[in-house]
Amino acid sequence: MKNRALIIILLIIVILAFIGYFFIAKFSTPASPLTQSSSTTLCQMNHVSASITPQGAAGNIYATLELTNTGKVPCAVVLGNTITAMFQAKNIVTRYEQSVPSERFILAHGAKVYSQIHYPNGPQCQNGISEKQIAFFYHTNHTSIMFQSEEPQRGKLTIQACLSNSEKTIIDIWPLSENPVTP
């Protein structure tokens, strides 16, 4: 008799748990994409490829940065000022060409987002030039992915920077955008 009563009580608890689950699922508001877990929605290193392609122009170098979804499913990227540079030279200065607020963007399989950088090709320096390596990253609180250059130096880009610490080499960075950047 005690076993039957215990089984009935357990069945009632299980039924109430299922009812509670369906009640909560039906009447709760779904999480917005901005608050969902980053491990399920944001693009990670194994979801994307990141490339940088420099092209010279008269006295200037423009390089296109592309982030491509190589995963099998869509993932989210954060557009805006999410491109950063890393270098060891003390006379290189980076600046954003536009201040754009962050915005989450769903990147379909095979789709791309873009940024661009600009820097002088060196002859503007009065005291000579020196080759410096610089790396560019798509960087958010959730991930950091380096853009790979076609150059053999572990994917970093080699630029001609001013030799003198008193002369600054300025690198302009455009925000990450769903459309190609044309300055």
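Where is Thr 82 found? Hi everyone, let's start there. Thr 82 is in the loop between strand 3, residues 75–79, and strand 4, residues 83–87. Before we zoom in, please keep in mind that this is a predicted model.

Let me give you the overall layout. The protein has two helices and twelve strands. Reading from the N terminus, the two α elements come ahead of the β elements, in the order α-α-β-β-β-β-β-β-β-β-β-β-β-β. There are 183 residues in the protein, and 34% of them are buried. If you take the contacts with a separation of 6 or more, 75% of them join residues 24 or more positions apart. As for the outside, the accessible surface comes to about 11,400 Å², and carbon and sulfur atoms account for 59% of that.

Now, strand 3, just ahead of our loop. Five of its five residues are buried, so we can call the strand mostly covered under the 20% cut-off for relative accessible area. Cys 75, Val 77 and Leu 79 point one way from the strand, while Ala 76 and Val 78 point the other way. Who is the partner? Strand 3 pairs with strand 6, residues 103–107, in the antiparallel sense over five bridges. Within strand 6, Phe 105 stands opposite Val 77.

Strand 3 also has a part in the largest nonpolar core. That core has 32 residues, and the members that touch the most other members are Leu 67, Ile 117, Phe 136, Tyr 138, Phe 147 and Ile 171. Several strands give two or more residues to this core, among them strand 1 (48–57), strand 2 (60–69), strand 7 (112–120) and strand 8 (129–139). The largest share, five residues, comes from strand 3.

Back to Thr 82, then. Is this loop residue buried or exposed? Its relative accessibility is 5%, and because buried means under 20%, Thr 82 counts as buried. What does its side chain meet? A polar atom of the Thr 82 side chain lies 3.0 Å from the backbone oxygen of Val 78, and Val 78 is one of the buried residues of strand 3. Leaving out residues up to four places away in sequence, Thr 82 touches Phe 137, Tyr 138, His 139, Thr 140 and Leu 176. You may recognise Tyr 138 from the core list, where it is among the residues that touch the most other members.

So that's the picture from one threonine outwards. Thanks for listening, and I'm happy to rotate the model for anyone who wants another look!

Note on methods: Residues are numbered from 1 along each chain as its sequence is written. This is a predicted model: local features need pLDDT of at least 70, side-chain atom pairs count only at pLDDT 80 or more; totals for chains, interfaces and linings use all residues. Side-chain values use heavy atoms; hydrogens and water are left out. Helices (H or I, at least four residues) and strands (E, at least two) are DSSP runs, numbered from the N terminus. Buried means under 20% relative accessible area, exposed over 50%, partly exposed in between (1.4 Å probe, protein chains only). A polar contact is a pair of N or O atoms within 3.5 Å; within protein, one must be able to donate a hydrogen and the other to accept it, and residues adjacent in sequence count only if both atoms are side-chain atoms. Contact means heavy atoms within 4.5 Å. A nonpolar core is a set of buried Ala, Val, Leu, Ile, Met, Phe, Trp, Tyr and Cys residues joined through side-chain atoms within 4.5 Å. Accessible areas come from the Shrake-Rupley method with a 1.4 Å probe; for residues, only the protein chains shown count as cover. Two strands pair if DSSP finds at least two bridges between them.
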